[in-house]
Amino acid sequence: AIMLAKFIACRITHSNTVLSNALVSIVNVTAGSFALYSLVLAAKPRDLDHPYGHGKVEFISAAIEGSLVATAGGIIIYRAVMAWIAGVHVHELGMGALIVGLSGVVNSMMGIALRGRGRREHSAALEAGGTHLLTDAWSTAALVLGLLLIHFTGLMWLDSVFALAFATFIIWQGLRVVRRSVGGIMDETDMAVASELIGILDAHRRPGWIDIHNFRVIKFGSTLHIDCHVTLPYYYSLEKAHAEISYMDELVNRNSGREVELFIHMDPCIPASCPVCLITDCPVRQAVFTKRVPWTLATALENKKHGVG
């Protein structure tokens, strides 16, 4: 309905600025279709062919959406340059501004709702869709101001200038979405998420958890997969070590607000671990306790046991 309203406004005004906004609505509808399909597929349970689930499809959907946005920007630039050369005149800008402005209000409401839901559900597809609609809403507000400026000044060439500026903005936004999506597909570490999870473990740290290192986070839709190494006292029984690891799993899932799968490799402590070990009554301690090493991105991402030095 929003797309139809914008094309009616374009028909009324013959404005390339309005046309550029209408073309983005085509992208909105197409990208929404991809996003809907990706959400349905991502909700499917894991199977033998997809042991980690189907959540990665959300990143593909977001990448397609970003690519479509950037392509629309290129088309807008071409149309604006051609109109500038031909000297196309615009008219009925007041009515066009009203129609486009109302569509922008609706887009902003949908964008806020989608982005909020995407963040709560940790859905890349929903959040990308919401961000896209909010970007469209803000650019529509600027577009309306531009139409009114043309209406009151009579400077028709401003229509192509505003269209070019709008196209540059949405190309930049589209490429940003593509960049984030490719990062997700390539399993790029989300430093904010990794820092949050490491912080949860550090805040509830037990004395026997000597260190955590080689910490890696992979996102599969709303599910996080973590693998890391945890150094435990070498004299722990297998049953005791398993209980500690299971508690870590429970701790992260309870406090992170999302589904997390942990794959933890258990390392035995070594003499170099003694200065950072928090166990006060360790029966095999070979060096006095020196300091507590906080678990942060700097200490947990590196692939080596903690020590003093």
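**Entry 1. Strands E2 and E3**

I looked up the pairing of strand E2 (residues 223–232) with strand E3 (residues 260–268) in this predicted model. The two strands run parallel and are joined over 9 bridges. I then followed the chain from E2 to E3 and found that it passes through helix H8 (residues 238–256). I recorded this β-α-β crossover as right-handed. For a single position, I checked Leu232 and noted Pro268 in E3 as its bridge partner.

**Entry 2. Salt bridges in total**

How many salt bridges does the structure hold? I noted 11. Side chains of opposite charge can pair when their charged atoms come close. I went on to look up several of the pairs one by one.

**Entry 3. Asp202 and Arg292**

I found a salt bridge between Asp202 and Arg292, with the closest N and O atoms 3.0 Å apart. The pair links distant parts of the chain, 90 residues apart. Asp202 belongs to helix H7 (residues 191–203), whereas Arg292 sits in the loop between E3 and helix H9 (297–300). Is Asp202 buried or exposed? Its relative accessible area is 15%, and because buried means under 20%, I entered Asp202 as buried. Arg292, with a relative accessible area of 36%, I entered as partly exposed.

**Entry 4. Asp227 and Arg216**

I next examined the salt bridge in which the side chains of Asp227 and Arg216 meet, at 2.7 Å from N to O. Asp227 lies in strand E2 and Arg216 in strand E1 (residues 211–220), 11 residues apart. Arg216 has 43% relative accessibility and is therefore listed as partly exposed.

**Entry 5. Lys305 and Asp267**

Which parts of the chain does the pair of Lys305 and Asp267 tie together? I located Lys305 in the segment after H9 and Asp267 in strand E3, so the pair ties together parts that are 38 residues apart in sequence. Their side chains meet in a salt bridge of 3.8 Å, N to O. The cut-off for a salt bridge is within 4 Å, so I kept this pair at 3.8 Å. I noted Lys305 as partly exposed, at a relative accessible area of 28%. Asp267, at 11% relative accessibility, is buried.

**Entry 6. A network**

Lastly, I looked for salt bridges that share partners. Such bridges join Arg46, Glu259 and Glu261 into one network.

Terms used. Residues are numbered from 1 along each chain as its sequence is written. This is a predicted model: local features need pLDDT of at least 70, side-chain atom pairs count only at pLDDT 80 or more; totals for chains, interfaces and linings use all residues. Side-chain values use heavy atoms; hydrogens and water are left out. Two strands pair if DSSP finds at least two bridges between them. Helices (H or I, at least four residues) and strands (E, at least two) are DSSP runs, numbered from the N terminus. A crossover is right-handed if, with the strands pointing away from the viewer, the path from the first strand over the helix to the second runs clockwise. Buried means under 20% relative accessible area, exposed over 50%, partly exposed in between (1.4 Å probe, protein chains only).
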